[in-house]
Amino acid sequence: MDVRFTADIWGRDRDVSWLKTEITSLYGPKKVLRISPVSFCDQPASDNPRYQANQQWHYTRAGGEDKPWRVAAPLELEIQAFQPRSNQDADPSTTETLSDDPEFYAIPEKSLPSLETLEVWALNTTRQHRRALVGGFQGAFLSLARRYCECETDLPMKELVWKAVRLSCLHGIWHSGLPQERNSRQEPKRYAPPAVQRQIAIIVSKGIVELEIATLSQLQKTIFDPKGPGNGNMLPIWTCLWLLLLTYRETNEFWSRQDGSGDGLPDLSQHMYDMLVSIYSGLFGPSSPLRLNWLKSDVFDLFGRDTLITERMGALKSEIKATYKEDGRFNHPRDALLRSLILAKEAKCLKSISDPLAVKYIESHMSSPTKAYYDLRHESHTQHLPSGNGPIFFVE
């Protein structure tokens with residue numbers, strides 16, 4: 001994993017160079033830019049505030065507390081106009097026109113948000129809606145990881161899982177484009193000006209690198225421990241590996257869309273993506289958590305007997321089934337190793353007929369979204385389940 005830190009995968013130097021080249025002094029009145037990945041008008045039943053206020057639990061919630069659902073507060077950024085360096089010699093009469101162009105705005109240095117402010121905002125935003133900043137499939141893992149950390153039971157490696165959660169949220173800011181708040185679905189979707197995007201990217205990438213170093217180092221130490229990672233640590237390792245490999249996949253996709261292919265940055269992110277897929281395959285190929293009936297009592301103990309973690313696992317399994325088999329999201333050449341080493345094997349255990357977890361999750365969620373799964377944990381199934389006989393086992 002040490003090879004990761006030989007290059008600037010997040011493009012910090014590139015962004016700093018661009019800002020120095022393009023931005024001159026700022027001028028004119030300051031404006032407030034409101035950033036909101038998920039606006040209220042885009043939510044289900046957004047025209048019925050009473051319905052929203054009475055929702056005790058929403059399927060897109062990422063946090064674990066049972067409180068009424070609410071829209072996360074937008075991120076407010078103070079911006080000011082600038083004249084691009086390429087237009088410095090232009091006719092002074094064009095200044096007003098340039099200042100009205102939404103592309104030519106930046107955040108004054110004294111108004112730049114801190115890394116802590118951005119992280120808190122990202123965590124709060126993804127808590128309210130798991131598809132905000134982070135996509136649905138990755139958001140399902142983020143939802144599970146957050147609840148794992150919030151569980152009152154003393155579960156192993158919570159600190160590591162929380163680092164992966166924070167990294168995922170900051171990375172969500174980094175590649176989101178910073179969508180602006182909308183008040184109506186009829187309004188076109190707009191994003192922050194390019195200079196603002198780069199200013200924010202420089203701030204969050206610093207936090208990403210720090211968390212990346214800490215997370216990868218701890219994972220490397222745990223996975224390659226001479227005594228093995230330990231059975232009790234395998235579930236948090238599984239969750240962290242998924243969050244990380246999906247993060248590098250998104251990074252690869254981001255750089256592949258940029259002009260000039262990011263000076264080899266897609267290759268580095270692809271290398272990290274494939275490396276984590278290989279490690280995952282070696283650890284979980286023979287015995288993945290997806291193949292466990294985690295609603296059985298012995299498996300339930302691994303999650304601190306927390307019913308909300310069970311809920312997240314049910315949602316995750318449904319999300320994985322749809323992603324693996326239906327939407328074709330992983331058909332790009334960059335996903336070749338993932339398909340051959342993970343998806344082909346995991347798909348075998350996702351048949352709904354032989355998966356009481358997925359069936360019971362869908363049935364109970366349709367009848368009562370807040371239903372706990374105590375009954376299922378004590379049921380006996382005719383199908384063979386890895387957790388049904390003997391101790392829980394992960395190959396180490």
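Visitor: Are F254 and W255 buried or exposed?
Guide: Keep in mind that this is a predicted model. F254 comes out at 17% relative accessibility, and the cut-off for buried is under 20%. W255 falls in that class along with F254, so the word for both residues is buried.

Visitor: What kind of aromatic pair do F254 and W255 form?
Guide: Their ring centres sit 5.2 Å apart, with 75° between the planes. Planes over 60 degrees apart get their own label, so this pair is edge-to-face.

Visitor: And the rings of W174 and F254, what is that pair called?
Guide: Here the centres are 4.5 Å apart and the planes meet at 50°. Under 30 degrees would be stacked and over 60 edge-to-face. An angle of 50° fits neither, so the W174 and F254 pair is tilted.

Visitor: How many residues apart in sequence are the parts that this pair ties together?
Guide: W174 belongs to helix α6 (residues 158-176), while F254 belongs to helix α8 (residues 234-256). W174 is buried too, at 7% relative accessibility. Since the two rings come from those two helices, the pair links parts whose separation in sequence is 80 residues.

Visitor: Which residues form one aromatic cluster with F254?
Guide: The model has 10 aromatic pairs by the ring-centre rule. F254 pairs with W174 and also with W255. The cluster that holds these residues is made up of F254, W174, W255, Y248 and W10.

Visitor: Moving to the sheet, which are the edge strands?
Guide: It's an open sheet of three strands with antiparallel pairing, in the order β1-β2-β3. β2 pairs with β1 over seven bridges and with β3 over two bridges. An edge strand pairs on one side only, and that leaves β1 and β3.

Visitor: Which residue in β2 is the bridge partner of R34?
Guide: Strand β1 covers residues 26-35, and its pairing with β2 is antiparallel. β2 itself spans residues 75-82, and six of its eight residues are buried. Opposite R34, the partner in β2 is E76.

Visitor: What stands opposite Q80?
Guide: β3 is made of residues 105-106 and pairs with β2 in the antiparallel sense. On the β3 side, the residue facing Q80 is A106.

Visitor: One last spot: which side chain does R312 join in a polar contact?
Guide: R312 is in helix α11 (residues 307-325). With a relative accessible area of 3%, R312 is under the 20% cut-off and therefore buried. Its side chain has a polar contact of 3.1 Å, and the partner is the side chain of S143.

Technical notes: Residues numbered from 1 in each chain as written. Predicted model: local features only at pLDDT ≥ 70, side-chain atom pairs only at ≥ 80, totals over all residues. Heavy atoms only, no water. Buried < 20%, exposed > 50% of the residue type's maximum accessible area, 1.4 Å probe, protein only. Helix = DSSP H or I, 4+ residues; strand = E, 2+ residues; numbered from the N terminus. Pairing = 2+ DSSP bridges. Polar contact = N/O pair within 3.5 Å; in protein donor to acceptor, adjacent residues only side chain to side chain. Phe/Tyr/Trp six-rings, centres within 6.5 Å; stacked < 30°, edge-to-face > 60°.
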